[in-house]
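Open the structure in your viewer and keep the sequence panel beside it. The tour goes from the whole chain to pairs of helices and then to single residues.

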Amino acid sequence: MPEKTVSGIKDFLAGGFGGACTVVVGHPLDTMKVRLQTQPTPQPGQKPLYTGTWDCALKTVRNESFFGLYKGMAAPLVGVTPMFAVCFLGFGIGKKLQQKTPDQKLTAVQLFNAGMLSGVFTTAIMTPGERVKCLLQVQASSSGPKVYKGPIDVMKVLYKEGGIRSIYKGTCATLLRDVPASGMYFMTYEWLKRALAPEGKEGELSPMRTIVAGGFAGMFNWLVAIGPDVLKSRLQTAPEGTYPNGIRSVFVDIMRTEGPRALFKGAAPVMIRAFPANAACFLGYEVAIKFLNYIAPDL
């Protein structure tokens, strides 16, 4: 059966709605992920600040209330909504660039390539949003003085310290994470979308099947992204000058002081978060596409 084409405008709008759904569902576990990844290395004989995901959640709620899990959400909500809009737009463009006819069915490799292009598209929005989010999440978990009052204040301080370059610190690390991970993300979703569809109705999924396909797509995305994400979080939250060679310095330092296992810090909350957050994303996207098709079929 031929692929159903979606206009770029609908991809953009529906992707933005899906992104907002992702943030609301997934931010608490993202907060735990960042705090686990960036907690200080304990001295010999000392216990780590957080012993695991559950311990991090309990301490966050105990010290900051339930809303502590949503610290820093404004930045990703403002950034992720347009980011996902651009992400789905980029994926749509990536598919169209490889299609000889509008209804050509793409292979898994071609879907992966289209997904990688979407990862390139989103970096300009993702990098500053991630930098602000990580700094606010780490600040909230520390006992030291509060440097930042909120997302806007973070941007002001970063710009004053190092201009646009400081705001975009971690761009290469974000590309290293998002390009292959986005390829895996969309390839997995599209493959599952075909595999789970009823016979003769390829691509037409019930809400529950959409949740399953989107959830597993998110998990496979993070299987690829978790290592580079640790490097990115360390780089973006470190004081200026800590890692003179960027992500390469972060990698060397982690290997020397903590070993390869450190690259998987925060994996538990990531995987717990990945399924519901990305299930919400794709369900939101598919619902929005149906709504847009209903109110503006010619858009």
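What follows is a list of stops, each with something to select and a note on what is there.

**Before you start**

This is a predicted model, in which local features need pLDDT of at least 70, side-chain atom pairs count only at pLDDT 80 or more, and totals for chains, interfaces and linings use all residues. Residues are numbered from 1 along each chain as its sequence is written, and side-chain values use heavy atoms, with hydrogens and water left out.

**Stop 1: the whole chain**

Select everything and show it as a cartoon. How many helices and strands are there in the protein chain? There are nine helices and zero strands; both are DSSP runs, numbered from the N terminus, with helices being H or I of at least four residues and strands E of at least two. Along the sequence the pattern reads α-α-α-α-α-α-α-α-α.

Now show the C-alpha atoms. They fill a box of roughly 60 × 35 × 35 Å along the principal axes. The radius of gyration of the protein chain is 20 Å, which agrees with the value near 19 Å for a compact globule of 299 residues. This radius is taken over C-alpha atoms, and the globule rule is 2.2 Å times the number of residues to the power 0.38.

Of the 299 residues, 51% count as buried. Buried means under 20% relative accessible area, exposed means over 50%, and partly exposed lies in between (1.4 Å probe, protein chains only). Among contacts (heavy atoms within 4.5 Å) with a separation of 6 or more, 78% join residues 24 or more positions apart.

**Stop 2: α9 and its partners**

Two packed helices are described by the angle between their axes and the distance between the axes. Axes are lines fitted to C-alpha atoms, for helices over the stretch in contact, and angles run from 0 to 180 degrees between N-to-C directions.

Select α1 (residues 8-38) and α9 (residues 267-295): the two pack at about 165 degrees, with axes 7 Å apart. That makes α1 roughly antiparallel to α9. Angles over 145 degrees count as roughly antiparallel, under 35 as roughly parallel, 65 to 115 as roughly perpendicular and the rest as oblique. The residues of this contact divide into 19 nonpolar, eight polar and five charged. Ala, Val, Leu, Ile, Met, Phe, Trp, Tyr, Cys and Pro count as nonpolar, Asp, Glu, Lys and Arg as charged, and the others, Gly among them, as polar.

Keep α9 and add α7 (residues 207-237). Their axes come within 7 Å and cross at roughly 135 degrees, which makes α7 oblique to α9. This contact has 17 nonpolar, five polar and two charged residues.

Swap α7 for α6 (residues 171-196), whose axis comes within 13 Å of that of α9, crossing at roughly 65 degrees. Show side chains here: Y185, F186, Y189 and K193 in α6 meet N278, C281, F282 and E286 in α9. By class, the contact has five nonpolar, one polar and two charged residues.

**Stop 3: two single residues**

Select S65, in the loop between α2 (53-64) and α3. Its phi is near 75 degrees, a positive value in a residue other than glycine. S65 counts as partly exposed, at 37% relative accessibility.

Move on to L77, in helix α3 (residues 74-98). Is L77 buried or exposed? L77 is partly exposed, with a relative accessible area of 30%. Leaving aside neighbours within four places in sequence, L77 is in contact with A20, V23 and P82. Finally, select G19: its C-alpha atom is separated from that of L77 by 8.1 Å, and the two residues are 58 apart along the chain.
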